[in-house]
Amino acid sequence: MRAGNHPTDEYEGSDPRAPFCRASVVSRLVRRLELSPGSEVLEWGVARGTSAATLVKLGMKVTLVEPDEEALDRVLQQTRVEENAVKADRPPATMAGRFALILLHARDALGDEVASTAREFLAPEGRVAFVRPVKVLLRPPPGLVDQWERHWGHALRTPQELLAAFPSAGYEPDFVEALGIDEMDALYGAAPDDLAEEAALYRAGAAAISFAIAVGRRREADEKPRPSRDRG
């Protein structure tokens, strides 16, 4: 994410998905991944609905999978993709090997198995993208990262460590982008009462943590390594 983005109503609440669901960011992701119109995209968890609406406008064939009926109905009113909506915790087995891109959304950490869980639903060369909390300071204030790890219930990785974890899940690392401090300030500046404790923890060491979107490409077991991009 680029630093200097101004807060908007898309930051309402403390939802780390919001900045990554903006139309400009989703459009840039589609261009970067060179997805052509008609590509099948799965939004697993509907987040705020803005990413699904943008994908539809860009000509993607969008499928929504969401267990919360109220959230699903809200997004369907924006996207009008009723025929591609599934009320469920996970996609049905019939969707295996189908999608060029899977966007995984969750307010809380999904665990280290998140990418491998999605892999079976990707077509060859398909991408997975998900948002995770990350640590971004080499030397954060003493004890601060420990407090965040207890809060979220898992160890925090750096953005680079997120990429490094992709191969073991069957992916080629693609890229990772983290929110700038102004974007993080906007998120927690609008935190609801039930996230007051988390907001206070953020203010205690604002530069230490962020949220990042990580993207990886599905690799096959017999795939040969790609040529190095390092030209020396």
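**Notes on the sheet and its surroundings**

1. Strand E2, covering residues 61-65, is mostly covered, with four of its five residues buried. Bear in mind that this is a predicted model.

2. On one flank, E2 pairs with strand E1 (residues 40-44) in the parallel sense, and the two share five bridges. If you want a spot to look at, lysine 61 in E2 sits opposite glutamate 40.

3. E2 also has strand E3 (residues 85-86) as a parallel partner, this time through two bridges. Here valine 65 is matched with valine 86 of E3.

4. Moving along from E1, there is parallel pairing with strand E4 (residues 99-104) over four bridges. Glutamate 43 has leucine 103 in E4 as its bridge partner.

5. Now the whole sheet. It is open, has seven strands and mixed pairing, and reads E3-E2-E1-E4-E5-E7-E6 in order. The edges are held by E3 and strand E6 (171-178); each has a single partner strand, so one side of each is left without a neighbour in the sheet. As background, strands of a sheet pair through backbone hydrogen bonds, either parallel or antiparallel.

6. On to the helices. Helix H2 runs over residues 50-57 and includes threonine 50. Is threonine 50 buried, exposed or partly exposed? Its relative accessible area is 24%, and buried means under 20%, so threonine 50 counts as partly exposed. Further into H2, Ser51, Ala52, Ala53, Thr54 and Leu55 are buried.

7. Threonine 50 also gives a handy distance check: valine 26 is 24 residues away in sequence, while the C-alpha to C-alpha separation in space is 9.0 Å.

8. If you are scanning backbone torsions, stop at glycine 59. This residue comes just after H2 and takes a positive phi of about 90°.

9. Helix H3 spans residues 69-79, and glutamate 69 belongs to it. With a relative accessible area of 47%, glutamate 69 is partly exposed; the cut-off for exposed is over 50%.

10. Last, the charges. Which residues gather in a patch of negative charge on the surface? They are Asp68, Glu69, Glu70 and Asp73. Patch membership takes over 30% relative accessible area and no salt bridge, so the 47% of glutamate 69 clears the area cut-off.

Methods
Residues numbered from 1 in each chain as written. Predicted model: local features only at pLDDT ≥ 70, side-chain atom pairs only at ≥ 80, totals over all residues. Heavy atoms only, no water. Patch = residues over 30% accessible without salt bridge, like charges linked within 9 Å, V, L, I, M, F, W, Y side chains within 5 Å. Areas by Shrake-Rupley, 256 points an atom, 1.4 Å probe, with all protein chains shown as cover. Salt bridge = Lys/Arg side-chain N within 4 Å of Asp/Glu carboxyl O. Lys, Arg positive; Asp, Glu negative; His and termini not counted. Charge placed at Lys NZ, Arg CZ, Asp CG, Glu CD. Buried < 20%, exposed > 50% of the residue type's maximum accessible area, 1.4 Å probe, protein only. Pairing = 2+ DSSP bridges.
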